[in-house]
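Welcome! Here is a short briefing to help you find your way around a structure you have not met before. Please keep the view beside you as you read.

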Amino acid sequence: MSLLTSLRPGGRHGVPSTESRDPIGYLVAGLNRLAQSDLLDRVGLRRPAEQAVFSVTRSGFKTITAASRGFSSAGKKGQPGVRVAPAPAKGVFDLTPTEDEQMLVDVVRELAQEAFRPAAADADEACAAPDDVLAASLEVGLPILGVPEALGGISEERSAMAGTLVAEALAHGDMGLAVAALAPGSVATALGLWGTDAQQQTYLPAFAGSDVPAAALALNEPTVLFDVLEPATTATRTADGYVLNGVKSLVPRGAQAELFVVGASLDGRPVLFLVESSTAGLAVEGDPAMGVRAASLTRLTLTDAAVPADAVLGDNQGEAYLECVRLSRLAWCALAVGTGQAVLDYVTPYVKERHAFGEPIAHRQSVAFMVANLAIELQAMRLVTYKAASRAAAGKDFAREVALARTLCADKGMQIGLDGVQLLGGHGFVKEHPVERWYRDLRAVGVMEGSVLV
């Protein structure tokens, strides 16, 4: 084995194992190998070597992720972009998917079962989604689901309902991989909803092309009692545009992302900003969490990051930001429904096959009632989520509906994960069974803001 082969990326701490390693990366790997040697103790260099590994790792990771493709400016600045029409009202309360929606869901469900589910455990361990899985998600058109047809997408009307169904189907395979696959499309959808003509013409052709850029929403922040509607990240006006300062956490695929939608406070109001990864003052580092680990979560630090005046996405009064938060929360509700369904589908046959005291444990009322409660709460989560999505797709106010859905999905989603682990007994605590991972993922629904939207 050659020296360079032995120093290849290891896929830990939010850094994908598929990443190529530059000279800084090999230096870090070499220093790590040296730090493991007892030679350092014999010559009294243990402390200096450990400090070198720490310093180079942090600065090197930030340096190698500050690169981006060159997005060529196009379109007319200040002119409104293309907008899709609201979905037509059916006149009756009917949440049955349309024929097109059902066909899309069938394709995505097959992707989730054949690609996501088998790769989920390794992706969770490596904190990275496999390239072939991400490539498969691009083939089914996930990035352009919410992009208007006039801009190269497939959306003829507001796609909140279709996006909700897709997110649910993907999460049935794995929530972490679903977040990783949906992140670029979330930015493309945001551009379709609120982008100006110049912003759409500059960025959306890349999402509709063959080389889709990684991209991410960055709304979450690592602060105590964080309120997404009052971000600590600030935007200050300058003669040329704005300067952003702050820290964003739990940003999916940040190390690979070439475009971010960042939430910041401007004149006391929350506003969305488009920030390219090549922007000076932008640094990214691994930020792995308890769950959703396959999404390669990262922390985004902005230090006097200057963006142009036309970097504002939507309005500067907070309306677009508020709608973005609501659509993101709707997406997380859909992810909770999909993962909760995976838990129910896994534990139901398990309790029928698992024997104790000479009979299946499903014959015990306490077990049977617990499984029944899973199904009841899951159906309630699905119905309130679908209702909020249908109102969003129709262009109606859905603030109340999405608030109810998020409260229910955050509470009952965590309970479903907890009960799933409990029903498996000791098996629920080991990684041989996927329920412990789904439990960790479901904990994210109540704390994650942004990252994905429908």
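In this predicted model, helix α10 (residues 319-353) packs with helix α13 (residues 435-442) at an angle of about 155°, and their axes lie 10 Å apart. Angles over 145 degrees count as roughly antiparallel, so α10 and α13 are roughly antiparallel to each other. A second helix worth a visit is α6 (residues 131-139), where Val 133, Leu 134, Ala 136 and Ser 137 are buried.

**How α10 meets α13**
- Where α10 passes α13, the crossing is left-handed.
- On the α10 side, the contact is made by Ala 336, Thr 339, Gly 340, Ala 342, Val 343 and Tyr 346.
- Val 435, Trp 438 and Leu 442 are the residues that α13 brings to this contact.
- Sorted by type, the residues of the contact of α10 with α13 comprise 7 nonpolar and 2 polar ones, with no charged residue.

**The two faces of α6**
- Look again at Val 133, Leu 134, Ala 136 and Ser 137, the buried residues of α6.
- These residues cover an arc of only 155° around the axis, which puts them on the same side of α6.
- Asp 132 and Glu 139 are exposed, and they sit on the face of α6 turned away from its buried side.

**What surrounds α6**
- The buried residues of α6 have two packing partners, α5 (99-126) and α8 (175-194).
- Follow the chain just past α6 and you come to Gly 141, which takes a positive phi of about 85°.

Methods
Residues are numbered from 1 along each chain as its sequence is written. This is a predicted model: local features need pLDDT of at least 70, side-chain atom pairs count only at pLDDT 80 or more; totals for chains, interfaces and linings use all residues. Side-chain values use heavy atoms; hydrogens and water are left out. Axes are lines fitted to C-alpha atoms, for helices over the stretch in contact, and angles run from 0 to 180 degrees between N-to-C directions. Helices (H or I, at least four residues) and strands (E, at least two) are DSSP runs, numbered from the N terminus. Angles under 35 degrees count as roughly parallel, over 145 as roughly antiparallel, 65 to 115 as roughly perpendicular and the rest as oblique. A crossing is left-handed if the near helix is turned anticlockwise from the far one by less than a right angle, and right-handed if clockwise. Contact means heavy atoms within 4.5 Å. Ala, Val, Leu, Ile, Met, Phe, Trp, Tyr, Cys and Pro count as nonpolar, Asp, Glu, Lys and Arg as charged, and the others, Gly among them, as polar. Buried means under 20% relative accessible area, exposed over 50%, partly exposed in between (1.4 Å probe, protein chains only). The arc is that of the directions from the helix axis to the C-beta atoms.
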